[in-house]
Amino acid sequence: VLSLGADVLPEYKLQAPRMDKFTILHYSPFKAVWDWLILLLVIYTAILTPYSAAFLLNDSEEQKRRQCGYSCSPLNVVDLMVDIMFIIDILINFRTTYVNLNEEVVSHPGKIAIHYFKGWFLIDMVAAIPFDLLIFGSGSDD
């Protein structure tokens, strides 16, 4: 599987696509590693957010955080870094090629953007909003 020959690979992987300087191939090693990193961050968020809401948010901790600031807790700093990584993922997705219905690699930035807007953009955007930072900035007790 790791050393696929020309008889097994799809045709678009055998041809060198015409690409812009900052375009990323969707089957490049960088994109594969990036997708695994984002998957791990999604799993981290899916586990830690409910845990934090259930066990770590109490009144004394909230008062201490308000006095000290948002960056006092290492967990808040890690959550902010995860949110930044999700925003970077959105930017990377705007520059990543895709395969159209004719099995051609699309590398034109405008077509990539339209394809991403029609697909995962809204979901990615909602996932990248740092709600904890917005709630902290509002000063609300809720």
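This briefing walks through the overall fold, the nonpolar core and a nonpolar surface patch of the structure above. Keep in mind that the model is predicted. The chain has 142 residues, of which 25% are buried, and it contains seven helices and two strands.

**Overall fold**
- Going along the sequence, you will meet the elements in the order α-α-α-α-β-β-α-α-α.
- Among contacts with a separation of 6 or more, 67% join residues 24 or more positions apart.
- The accessible surface of the chain is about 10,400 Å², and carbon and sulfur atoms account for 67% of that area.

**Nonpolar core**
- The largest nonpolar core has 13 residues, and those touching the most other members are Ile 38, Leu 41, Phe 86, Ile 90, Phe 94, Tyr 116 and Phe 121.
- At least two residues of this core come from each of helix 2, helix 4 (74-93), helix 5 (109-118) and helix 6 (121-128).
- With four residues, helix 4 gives the most to this core.
- If you start from Ile 38 and set aside its neighbours within four places in sequence, you find it in contact with Met 85, Phe 86 and Asp 89.

**Nonpolar surface patch**
- Trp 36, Leu 39, Leu 40, Ile 43 and Ile 47 make a nonpolar surface patch of about 550 Å².
- One of these patch residues, Ile 47, lies in helix 2, which covers residues 29-56.
- Ile 47 counts as exposed because its relative accessibility is 59%, and the cut-off for exposed is over 50%.
- Helix 2 is thus worth a look for two topics here: it supplies at least two residues of the core, and it holds Ile 47 of the patch.

Technical notes:
Residues numbered from 1 in each chain as written. Predicted model: local features only at pLDDT ≥ 70, side-chain atom pairs only at ≥ 80, totals over all residues. Heavy atoms only, no water. Patch = residues over 30% accessible without salt bridge, like charges linked within 9 Å, V, L, I, M, F, W, Y side chains within 5 Å. Areas by Shrake-Rupley, 256 points an atom, 1.4 Å probe, with all protein chains shown as cover. Salt bridge = Lys/Arg side-chain N within 4 Å of Asp/Glu carboxyl O. Buried < 20%, exposed > 50% of the residue type's maximum accessible area, 1.4 Å probe, protein only. Core = buried A, V, L, I, M, F, W, Y, C linked by side-chain atoms within 4.5 Å. Contact = heavy atoms within 4.5 Å.
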